[in-house]
Amino acid sequence: MDNYDELTYGERIAQVYDQLYPEADDAALDLLEELAADGEVLELGIGTGRIAIPLYDRGVKIKGIDASPAMITRLQDKPGGEAIEVIQGSFVDLPVEGEFSLIFVAFNTLFALLTQDEQLHCIQRVASHLSSGGSFLVEAF
């Protein structure tokens, strides 16, 4: 795909993303909260915070990574969004330190990594940041 990179989707859709895709439902949030097991959580492709903010409101310690400045701005402009640490960049290399009890990527966002090599590299990096007994959850359809 010509002229399509890790920024394209977020930069093009940030202004209408929340209108198109509502917050996660309670069942999804319950599962993520359970998998977090009182540890720290990392969301890959945190976007506008449609999952992260409700988790944060439940007391989950969460941070995220997103390539799109426009998506990050939308997250930080929401109530509670400013309290969530967000790293701007690609989640291919997982530019974070420490371990997490849960790392997740939702809503097909793993496929924002356009090659199998990028996806595998990301998964390898995820494995290096999971705490003992930690979980990596991928939502894809």
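This is a short walk through the cores, one helix, one pocket and a few single residues of a predicted model.

Some housekeeping before we start. Residues are numbered from 1 along each chain as its sequence is written, and side-chain values use heavy atoms, with hydrogens and water left out. Since the model is predicted, local features need pLDDT of at least 70 and side-chain atom pairs count only at pLDDT 80 or more, while totals for chains, interfaces and linings use all residues.

Okay, the inside. When I say nonpolar core, I mean a set of buried Ala, Val, Leu, Ile, Met, Phe, Trp, Tyr and Cys residues joined through side-chain atoms within 4.5 Å. Buried is under 20% relative accessible area, exposed is over 50%, and partly exposed is in between, using a 1.4 Å probe and protein chains only. The largest core here has 19 residues, and the members touching the most others are Val41, Ile51, Leu55, Ile62, Ile84 and Phe104. At least two residues of this core come from each of helix H3 (26-36), helix H4 (52-57), helix H5 (69-77) and strand E4 (100-105). Those labels are DSSP runs numbered from the N terminus: helices are H or I with at least four residues, strands are E with at least two. There's also a second, separate core of 16 residues, with Leu42, Leu44, Ile87 and Leu113 among them. As background, nonpolar side chains in soluble globular proteins tend to be buried together.

Let's zoom in on valine 41. What does valine 41 touch, not counting residues up to four places away in sequence? The list is Ala36, Val60, Lys61, Ile62, Lys63, Phe100, Leu102 and Phe104, where contact means heavy atoms within 4.5 Å.

Now stay with H3 for a minute. Its buried residues include Leu29, Leu32 and Ala36. They sit on the same side of H3 because they cover an arc of only 65° around the axis, the arc being that of the directions from the helix axis to the C-beta atoms. The general rule is that an α-helix has 3.6 residues a turn, so residues three or four places apart point the same way. And what covers the buried residues of H3? The cover includes strand E1 (40-44), H4, E4 and strand E5 (130-138). Flip the helix over, and the face turned away from the buried side carries the exposed residues Asp26, Ala27 and Glu34. Aspartate 26 comes in at 53% relative accessibility, and its C-alpha is 9.4 Å from that of proline 54, 28 residues apart in sequence.

Have a look at the backbone right after that helix. Alanine 37, just after H3, takes a positive phi of about 50°. Aspartate 38 has a positive phi too, about 65°, although it is not a glycine. Aspartate 38 is in the loop between H3 and E1, and it's exposed, with a relative accessible area of 72%. Further along, phenylalanine 107 is another residue other than glycine with a positive phi, near 60°. Phenylalanine 107 lies in the loop between E4 and helix H6 (116-129) and counts as partly exposed at 23% relative accessibility.

H3 also turns up in the second largest pocket. A pocket, on a 1 Å grid over the protein atoms alone, is an open set of points where a 1.4 Å probe fits, with protein on both sides within 12 Å along at least five of seven lines; lining residues have an atom within 4 Å of a point. This one holds about 190 Å³ of space, the volume being the space filled by probe spheres set on the points, which are joined across faces, edges and corners. It has 14 lining residues, and Ala24, Ala28, Ile51, Ala106 and Glu139 are the closest to its centre. H3 gives the largest share of the lining, three residues. Which classes make up that lining? It has 11 nonpolar, no polar and three charged residues; Pro joins the nonpolar list I gave for cores, Asp, Glu, Lys and Arg are charged, and the others, Gly among them, are polar.

Two last residues. Aspartate 18 is in helix H2 (residues 17-20) and touches Thr48, Arg74 and Lys78, leaving out residues up to four places away in sequence. Valine 138, in strand E5, is partly exposed at 37%. Its C-alpha is 5.1 Å from that of valine 105, 33 residues apart in sequence.
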